[in-house]
Amino acid sequence: MKKKIILSALLIILSIFMASLVSNIHDLAKFSLWSLWLSSIMIFVIPRKNLFTKRKYLLIIPIILFGILLGASPSPMESIGRLISSFGKSPKPILIIYFLIFTLFSLFGAKFICSWGCQLGALQESLHNTPVFKTKYKWQVPFAVSLSIRSLLFIASLCLTFGWIFKIKGYPLYYNISYFPIYNLGLRPFALTGLPIFLILCLLTYRPFCSYICPFGLYAWILERFSFNKININDSKCVNCKKCTKICPTESMKGLYNKERKYLLPDCWACGKCIENCHVNAINFD
């Protein structure tokens with residue numbers, strides 16, 4: 001707990017200081033609230049019982065606070081999308097600072113900003129948690145599929161930015177397929193056309209935009225290996241019931257439990273299902 005308190009204090013100080021260098025009042029307030037929110041989750045929520053049960057209600061806060069009240073921007077996806085669009089130019093300091101702050105959030109805890117702070121991620125998961133098509137919770141798209149789609153989109157965005165292969169240069173792919181502007185009621189035509197499909201996918205699968213499209217989701221997946229806090233299994237307590245692998249919304253716990261892969265573990269969204277359902281307390285987020 002002492003480690004988490006120290007890291008939380010550092011997170012708040014560093015993120016607010018970095019944001020104050022370049023941010024307007026709106027963005028400074030948003031980053032400040034993000035750092036306070038994530039720190040509160042780490043200290044007061046993660047160590048407590050019934051984590052996932054509480055999470056269903058706590059996700060309403062990022063939807064309302066960071067989405068409805070404070071709007072679509074800035075966002076984790078935007079921090080990378082706008083940087084990609086600025087390649088070949090001199091990126092504005094504000095873009096670099098924002099990217100570094102979101103990186104800091106992800107190093108603080110594995111996928112922490114994506115899982116507990118992202119306004120679009122919270123909306124997707126809340127839609128998925130609605131009691132519609134209850135058998136959907138048994139469906140899991142193989143991680144190899146989601147990783148491949150997300151990676152190919154990232155490569156395509158680079159090609160469209162630099163004019164590689166497609167002979168189209170300067171096309172902001174992520175800007176046009178982003179669903180973050182849903183909070184500003186300003187979706188681009190392509191995203192607006194696909195909105196019904198997006199909503200259906202949210203009901204049927206776990207965080208489809210995060211898993212298949214978002215470039216920050218891909219980046220945060222890489223950062224999971226280096227995060228200060230992440231899911232760990234205490235082998236001395238584990239009784240091999242494998243319940244954690246069955247209730248995990250992704251293939252993350254299967255990879256972690258079986259120790260099959262060290263560097264290509266599926267995304268862990270720090271949702272707390274495995275922690276809450278481990279009856280011998282063998283799983284921790286530390």
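## A tour of salt bridges, rings and a surface patch

Start by selecting Glu125 and Arg55: their side chains meet in a salt bridge, with N to O at 2.8 Å. Glu125 sits in helix H8 and Arg55 in helix H3 (residues 51-58), so this pair ties together parts that are 70 residues apart in sequence. Bear in mind as you look around that this is a predicted model. Try a surface view next: Glu125 counts as buried, at 0% relative accessibility, and Arg55 is buried with a relative accessible area of 0%.

Keep Glu125 on screen and add Arg207. These two form a salt bridge as well, the closest N and O atoms being 2.9 Å apart. Arg207 lies in the loop between H12 and H13 while Glu125 is in helix H8, so here the parts tied together are 82 residues apart in sequence. Arg207 is buried too, with a relative accessible area of 0%.

Now move on to Lys111 and Asp267, whose side chains meet in a salt bridge of 2.5 Å, N to O. This pair links distant parts of the chain, 156 residues apart: Lys111 is in the loop between helix H6 (93-108) and helix H7 (112-117), and Asp267 is in the loop between H16 and helix H17 (273-277). Lys111 counts as buried at 0% relative accessibility, and Asp267 is buried with a relative accessible area of 4%. To see the wider setting, select Arg150, Glu224 and Arg225 as well; salt bridges that share partners join them with Lys111 and Asp267 into one network. A search of the whole structure finds six salt bridges.

From Asp267, step across to Ser252, in helix H16 (residues 252-258). Leaving aside residues up to four places away in sequence, Ser252 touches Pro266, Asp267 and Cys268. Is Ser252 buried or exposed? At 6% relative accessibility, Ser252 counts as buried. For a sense of scale, draw a distance from its C-alpha atom to that of Phe99: the two are separated by 25 Å and lie 153 residues apart along the chain.

Phe99 brings you to the rings. Select Phe31, Trp34, Phe66, Tyr98, Phe99, Phe102, Phe105, Phe216 and Tyr219, which ring pairs link into a cluster. Across the whole structure, a search finds 17 aromatic pairs. One to zoom in on is Tyr179 with Phe209, an edge-to-face pair with 6.1 Å centre to centre and 90° between the planes. Tyr179 lies in the loop between H10 and H11 and Phe209 in helix H13, so the pair ties together parts that are 30 residues apart in sequence. Both rings belong to buried residues, Tyr179 and Phe209.

Next, colour helix H12 (residues 195-204) and pick out its buried residues, Leu195, Phe198 and Cys202. Look down the axis: these residues cover an arc of only 60° around it, which puts them on the same side of H12. Turn on the neighbours and you will find that the cover over them includes helix H8 (119-128), helix H11 (189-193) and helix H13 (208-212).

Finish on the outside. Select Phe87, Phe162, Trp164, Ile165, Phe166, Ile168 and Tyr171, a nonpolar patch on the surface with about 710 Å² of accessible area together. Phe166 is a good residue to centre on, in the loop between helix H9 (143-162) and helix H10 (173-177). Phe166 is partly exposed, with a relative accessible area of 45%.

Conventions: Residues are numbered from 1 along each chain as its sequence is written. This is a predicted model: local features need pLDDT of at least 70, side-chain atom pairs count only at pLDDT 80 or more; totals for chains, interfaces and linings use all residues. Side-chain values use heavy atoms; hydrogens and water are left out. Patches are made of residues with over 30% relative accessible area and no salt bridge: like charges are joined within 9 Å, nonpolar side chains (Val, Leu, Ile, Met, Phe, Trp, Tyr) within 5 Å. Accessible areas come from the Shrake-Rupley method with a 1.4 Å probe; for residues, only the protein chains shown count as cover. A salt bridge is a side-chain nitrogen of Lys or Arg within 4 Å of a carboxyl oxygen of Asp or Glu. Helices (H or I, at least four residues) and strands (E, at least two) are DSSP runs, numbered from the N terminus. Buried means under 20% relative accessible area, exposed over 50%, partly exposed in between (1.4 Å probe, protein chains only). The arc is that of the directions from the helix axis to the C-beta atoms. Contact means heavy atoms within 4.5 Å. Rings of Phe, Tyr and Trp (its six-membered ring) pair if their centres lie within 6.5 Å; planes under 30 degrees apart count as stacked, over 60 as edge-to-face and the rest as tilted.
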